[in-house]
Amino acid sequence: MPSNYITSILKENRIFYPPKNFSKNAHIKNMREYEKLYRRSIKNPEAFWAERASQLDWFKKWKTVLRNNKGFFKWFEHGQLNAAYNCLDRNIKKNKDKTALIWEPESGKNKTYTYEQLLKEVCKFANVLKNHGIRKSHVVEIYLPMIPELPIAMLACARIGAIHSVVFGGYSSDALKDRIQDSKAELLITADGSFRNGKIYPLKDNADKAVKECQTIKKVIVVKRSSKKIKMKKGRDYWYHKLINEKHIKDFCEPESMGSEDPLFILYTSGTTGKPKGILHTQAGYLLYVYQTFKWIFDIKDKDIYFCTADIGWITGHSYIVYGPLSIAATVIIYEGSPLYPEPDRFWRIIDKYKATIFYTAPTAIRALAKEGDSWPKKCSLSSLRLLGTVGEPINPEAWLWYYKVIGKKKCPIVDTWWQTETGGILISPLPGATPLKPGSATKPFFGIEPDILKEDGSKTKTDEGGYLVVRKPWPGMLRTVWRNPGKYKKKYFDKFGVYLTGDNAKIDKDGYFWIMGRTDDVIKVAGHRIGSAEVESSLVSHKAVAEAAVVPYPHKIKGNAIYAFIVLKKGNTKSEELKETLRKHVSQHIGPIAKPEKIQFADDLPKTRSGKIMRRILKAIAQGSSEYGNIAALADPSVVQKLQKEKIR
């Protein structure tokens, strides 16, 4: 996060009120309504959530709303339902001909699916999975681009009770391998390739490399997307289109009755210890939470056309492209490609083409598109838009104002949403018909969410004082554990304060508005994607030329943060620009292009304590152009700092 960003948000005092016409027709019309409902949700959360849970379709009602077993929370125990049934079957009673998905490919012909058509496709693929031995509680790994088969595969897994684990299609074979090995998936779904900026990304080739080291994978199902030449291994690999078109495959599959706390999916997020951690979300609580947050925060109406630019490989795509929107019978646009391809008006053209009314994207995309100038959006009407949203990282006020004025024409409220993979859904956000907006602030907590800001000793911070952001009460959409590692779950999220620790720094202003100020750990957010510093460092050190590596974030105009790497070479290796480029490619191959260091500084040594611990706060200060290192007397060699500062990459 830019160092001057925190200063600017502390001084931000501009307020933008919801348009009167918007408020008049909104689900929550003013702050009085919000505050009344919020107080109720905090005073008696079990009654509040039980009332909301009745809006889902249950096969069997729950007996207990909430149980806390030493930090492991259970919601709606003994209840039975099915997530796919709630997203599809119940909607075709009134909305069978309503458009569920609109797929806009990077190139080629678009596709649309009504709710009835989508149900049939999901059922067919669910039957395919069953024919290939997948049953309730089996793990299915999904490594696909942004094509309709991705949500279809997820919902097919949910229908039969299999646990899906989606891996972002931009990840490398090593990243895929790590996630398969941890999840112990039995079947992998991938594609021959994916399109990005006019190029084909070799998904199947990556999958083949990963599966060589993953003994649990017995079968691979391949979607034909790019017509790239690939190798198919007999007895293991099968074409998706051939399987679903076999004569015996029926277009109905009975939904599995799932316990409220049965696993729904695992989604991996980068951690600070090198290996990614599998966040486990379960059935009823997660579905209820994304249904309710989507309904209220996006103020969804029956005729809305909703466009979220996230990749389904991330939690935003899970919660606010698939489960949230489909559970409420919304119409969703999914887009395969880049915002800049073939030109920087692609998003704006998609909005006009489908008359999108709600647009949800990342601050990184907004900054990148703003950099291209106002002429691109001005070529488009954008008159259909009524609501804008941001996700993935805090948005700086300047980008917020550009978004508000140029894209929203000063008539669209902006919901600046804060949440995490672990939270399942949005925790802090404006309600668009009610909340006065301050550019850069996530504003107020959602119903049932009780956040607080704590000092190191656990005491509350003062107004405008930064500290640890925590959440005091459990909520239905929260993670239940770290997959196959409950000890890590307890240690990371609950041991420090006894309440949920988000890992973010934040502050509360005099109006009770929350301002998110960045990560407290060593996870770096690049363009809204969480990159584990340990994962990048491990990748760099795996190169034969590298002895030591440390990576830190530094401010980037477009990405918010980029990665700055300090590297100590092994003896006999020469510092050169060619070697820097080799190391960037090395990281790209091992983790993915998003993790490439933007700047690489070769160093003779790194600032370390006498016990050998690298002092990353010093490196971070250097990378960000600051000389405020704090005390360096404890370093084994304090002179290292001055030398690094002198040789800093400008």
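This report walks through a helix pair, some salt bridges, a buried histidine and a few aromatic contacts in a predicted model.

Residues are numbered from 1 along each chain as its sequence is written, and side-chain values use heavy atoms, with hydrogens and water left out. Since the model is predicted, local features need pLDDT of at least 70 and side-chain atom pairs count only at pLDDT 80 or more, while totals for chains, interfaces and linings use all residues.

**Two helices that cross**

Let us start with helix α7 (residues 115–131) and helix α8 (residues 149–160), whose axes come within 8 Å and cross at roughly 65°. Helices here are DSSP runs of H or I with at least four residues, and strands are runs of E with at least two, numbered from the N terminus. The axes are lines fitted to C-alpha atoms over the stretch in contact, with angles running from 0 to 180 degrees between N-to-C directions. The crossing of α7 and α8 is right-handed, that is, the near helix is turned clockwise from the far one by less than a right angle. On the α7 side the contact (heavy atoms within 4.5 Å) includes L118, E121 and F125, and on the α8 side I152, C157 and R159 are among the residues. By type, the contact divides into 13 nonpolar, no polar and 3 charged residues; Ala, Val, Leu, Ile, Met, Phe, Trp, Tyr, Cys and Pro count as nonpolar, Asp, Glu, Lys and Arg as charged, and the others, Gly among them, as polar.

**Salt bridges**

The whole structure has 41 salt bridges, each a side-chain nitrogen of Lys or Arg within 4 Å of a carboxyl oxygen of Asp or Glu. Here are three of them.

| Pair | N to O distance |
|---|---|
| E51 and R52 | 3.1 Å |
| E121 and K124 | 3.4 Å |
| K507 and D464 | 2.7 Å |

The K507 and D464 pair links distant parts of the chain, with K507 in strand β24 (residues 500–508) and D464 in the loop between β21 and β22, 43 residues apart. K507 is buried at 1% relative accessibility, whereas D464 is partly exposed at 39%. Buried means under 20% relative accessible area, exposed over 50%, and partly exposed in between, using a 1.4 Å probe and protein chains only. In the first table row, E51 is partly exposed at 41% and R52 is buried at 6%. E121 and K124 are 3 residues apart in helix α7, so about one helical turn separates them; K124 is buried at 16%. Elsewhere, K204, D208, R236 and D237 are linked in a network of salt bridges.

**A buried histidine**

H164 lies in strand β7 (residues 163–166) and has 0% relative accessibility. Leaving out residues up to four places away in sequence, its contacts include M154, C157, H318 and Y323.

**Aromatic pairs**

There are 50 aromatic pairs in the structure. Rings of Phe, Tyr and Trp (its six-membered ring) pair if their centres lie within 6.5 Å; planes under 30 degrees apart count as stacked, over 60 as edge-to-face and the rest as tilted. F294 and Y320 are stacked, at 6.4 Å centre to centre and 25° between the planes. They join helix α12 (residues 284–297) to helix α13 (residues 315–327). Y320 also pairs with F298, with centres 5.9 Å apart and planes at 55°, so this pair is tilted. F298 is buried at 0%, and Y320 is buried at 0% too. Finally, Y34, Y38, F48, W49, Y289, W296, F446 and F447 form one aromatic cluster.
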